[in-house]
Each structure stands twice: as C-alpha cells, then as structure tokens.
Amino acid sequence: MQTGVFIISAPSGSGKTTLVERLLRELPGLLFSVSYTTRAPRGQEQNGREYCFITREEFESMVRSDELLEWAMVFGNYYGTARHFLDDASRQGKDLLLDIDVQGAKQVKEKIPDAVSVFILPPSREILEWRLRHRSQDSEEVIRKRLLDAGREIYGYDQYDYILINDQLDSSAERLKAIVQYERSRRGNRGAPEGEDTARRLADSCRKERVQTQVVPILASFGG
Ligand code: ADP
Ligand code: 5GP
C-alpha cells in the first residue's frame with residue numbers, strides 16, 4: 001500500500017488546529033508529522049508533541065545533511081519536515097499528515113506530485129478576527145499582526161487541490177474527513193469505505209473549481 005501524503009495549510013486562526021485534532025481523533029491511519037522549528041515553545045506546547053524545538057545551528061545542520069523533506073522561514077523562524085516521517089508512516093502502514101505553510105506545501109508538491117493539499121479559509125476577515133479574539137490566546141498586538149499576515153497568506157490558496165471554508169465546525173470536520181476518505185479510496189488504499197458516495201460528494205464540493213465563487217467575497221473582505 002502506498003503512503004498518501006496530506007498537506008494542510010491555513011492562515012492563523014482559521015481553525016486548522018481544531019480541525020486537524022478532530023481528524024486525527026476520528027479517522028484512523030494518519031501519522032501527524034511533528035515539525036522542527038527554531039521558534040520558542042508557546043503556552044502548553046511540549047517538545048516532541050506540537051513541535052521539536054531546536055536551535056538555529058541544529059536546524060541549519062539538518063538542512064546541510066539533507067534531513068528535511070521541505071523547510072521554510074516563516075515569520076522569522078525556521079520550520080521544517082523531517083524526511084524520516086515518510087518512512088515512519090510507510091512502516092506503520094499509515095498516511096502522513098503535514099501541517100505546513102504555503103512555501104512548504106509548494107516544495108512537497110514538487111517532490112511528491114500526488115500529495116493532496118487542502119487550504120482552510122475563514123468565512124471572512126471579520127469572523128477570523130472574532131475567532132482570534134475569542135481564542136483569548138494572543139495580545140492585541142499579536143492579533144493585529146496575525147490579521148495582517150492572514151491577509152497575505154490567504155492568496156496562496158490557489159495552489160491547493162481543495163479549499164475548505166471553515167464555517168460550521170461539524171460540517172467542516174466532515175468535509176475534511178471526506179477529502180481524506182475519498183482520496184484514499186481513489187488510490188485504492190484501505191478499500192472502499194462505507195458511504196463512499198457521500199465522501200466523494202463532500203470532497204467534490206471542496207474542489208478549488210467548485211468554491212471559486214465563494215472565495216471571491218472572502219478575498220474581498222481581506223481587501224483583495
Ligand atoms: P489555527 O490553528 O488555524 O490558528 P484554531 O484551531 O486555534 O486555529 O482556531 C481558532 C479559534 O477559532 C479557536 O478558539 C477555535 O475554537 C475557534 N474555531 C475553529 N473553528 C471554528 C468554527 N468552525 N466555528 C467557530 N469557532 C471555530
Ligand atoms: P506556528 O508558529 O503558529 O505554530 O506556525 C506558523 C506557520 O508555520 C503555520 O503556517 C504552520 O503551518 C507553519 N509550519 C509549521 N510547521 C511547518 C513545517 O514543518 N514546514 C513549513 N514549511 N511550515 C510549517
């Protein structure tokens with residue numbers, strides 16, 4: 001069985017962490033790639049769980065010895081995916097789930113063309129702002145910076161296979177699950193799941209071509 005690679009990207013506050021956690025809980029057979037980063041841990045983050053926290057020197061040494069499948073500088077820090085996760089997933093008979101930014105997604109697609117990519121969008125700038133405030137994790141200054149960054153990152157959506165507009169949480173979680181199930185069955189991995197038609201229909205509704213008209217007002221709300 002071939003290991004599938006699923007890439008998920010989103011501007012901060014779009015609901016990526018919430019949706020990825022739910023996907024991992026509800027759908028067996030996915031290995032989450034724990035990235036390496038030079039940024040400092042935040043809040044409750046633990047080394048080896050959310051990220052492997054390393055120094056700049058250690059990161060640069062990993063780059064030199066070609067240990068990374070992709071890497072990028074994001075908001076002034078290095079982030080990268082270790083190659084060994086691909087072997088780990090394959091050995092465990094799982095698919096690999098990458099939570100990476102637009103630059104990393106581009107590199108992975110170049111190396112693994114049949115990787116499946118999903119971009120999560122908030123329904124509008126106003127809702128993104130509301131969610132960032134209600135998450136109560138960031139200072140006013142950080143929230144403003146995240147909103148500015150989101151306005152830039154959002155334009156990367158075009159290179160992705162699927163666009164998931166995160167409106168109602170339950171519906172978004174179902175659609176994300178459907179994308180993975182449908183892509184698995186399309187590749188002949190893990191047999192045809194029950195409800196394959198539903199998965200195909202839901203996944204199809206997130207295809208880039210299908211959501212174009214919904215994306216236009218979202219980009220407009222960010223001033224695009
Ligand atoms: P990210 O990982 O993209 O930065 P989070 O998963 O932390 O985003 O979500 C940001 C905030 O929005 C959290 O407080 C989360 O509970 C909330 N949230 C996520 N998805 C939805 C949704 N569909 N509807 C309402 N609130 C949501
Ligand atoms: P944060 O510091 O908020 O956890 O993440 C900042 C950004 O870095 C997010 O867009 C996240 O998807 C991205 N990111 C996390 N890990 C990686 C990685 O291994 N490679 C790349 N290219 N981006 C990553």
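Q: Which side chain has an N or O atom 2.8 Å from an oxygen atom of ligand 2, and how should such a distance be read?

A: A polar contact is a pair of N or O atoms within 3.5 Å; within protein, one must be able to donate a hydrogen and the other to accept it, and residues adjacent in sequence count only if both atoms are side-chain atoms. Here the side chain of Lys 16 supplies an N or O atom 2.8 Å from an oxygen atom of ligand 2. Another such pair, at 3.0 Å, involves the side chain of Arg 42, and one at 2.8 Å involves the side chain of Asp 99. The protein covers 92% of the 520 Å² of accessible area that ligand 2 has on its own. Accessible areas come from the Shrake-Rupley method with a 1.4 Å probe, and for residues only the protein chains shown count as cover.

Q: What kind of model is this, and how are its parts numbered?

A: This is a predicted model, in which local features need pLDDT of at least 70 and side-chain atom pairs count only at pLDDT 80 or more, while totals for chains, interfaces and linings use all residues. Residues are numbered from 1 along each chain as its sequence is written, chains are lettered from A and ligands numbered from 1 in the order in which they are written, and side-chain values use heavy atoms, with hydrogens and water left out.

Q: How many residues surround ligand 2, and which are the closest?

A: A residue is near a molecule or strand if one of its heavy atoms lies within 4 Å of it. For ligand 2 there are 15 surrounding residues, and the closest are Ser 35, Arg 39, Tyr 51, Glu 70 and Tyr 79. By class, Ala, Val, Leu, Ile, Met, Phe, Trp, Tyr, Cys and Pro count as nonpolar, Asp, Glu, Lys and Arg as charged, and the others, Gly among them, as polar. The shell around ligand 2 then divides into five nonpolar, four polar and six charged residues.

Q: Which residues come nearest to ligand 1, and what polar contacts does ligand 1 have?

A: Gly 13, Thr 17, Thr 18, Arg 135 and Asn 166 come nearest, out of 14 residues around ligand 1. The class split of this shell is two nonpolar, eight polar and four charged. A polar side-chain atom of Thr 18 is 2.5 Å from an oxygen atom of ligand 1, and a polar backbone atom of Lys 16 is 2.9 Å from an oxygen atom of ligand 1. For Arg 131, a polar side-chain atom lies 3.2 Å from a nitrogen atom of the ligand. Of the 560 Å² of accessible area that ligand 1 has on its own, the protein covers 76%.

Q: Which elements give two or more residues to the shell around ligand 1?

A: Helices (H or I, at least four residues) and strands (E, at least two) are DSSP runs, numbered from the N terminus. The elements in question are helix H1 (16-26) and helix H5 (125-135). H1 gives the most, with three residues.

Q: What is the strand order in the open sheet of four strands?

A: Strands of a sheet pair through backbone hydrogen bonds, either parallel or antiparallel. Two strands count as paired if DSSP finds at least two bridges between them. The order here is E4-E3-E6-E5, with mixed pairing. Strand E4 (51-53) and strand E5 (68-74) are the edge strands, each pairing on one side only. E5 and E6 pair in the antiparallel sense over six bridges, and Leu 68 has Ala 82 in E6 as its bridge partner. Strand E3 (residues 35-37) and strand E6 (residues 77-82) are also antiparallel, over two bridges, with Tyr 36 opposite Gly 80.

Q: Why is E6 described as largely enclosed by the rest of the structure?

A: Buried means under 20% relative accessible area, exposed over 50%, and partly exposed in between (1.4 Å probe, protein chains only). Five of the six residues of E6 are buried, so E6 is largely enclosed.

Q: What is the order of the five-stranded open sheet, and where does Leu 30 sit?

A: The order is E2-E7-E1-E8-E9, and the pairing is parallel. E2 and strand E9 (162-165) are the edge strands. Strand E1 (residues 5-9) runs parallel to strand E8 (residues 116-121), joined by four bridges, and Ile 7 stands opposite Ser 117 in E8. Leu 30 belongs to strand E2 (residues 30-32) and counts as buried because its relative accessibility is 9%.
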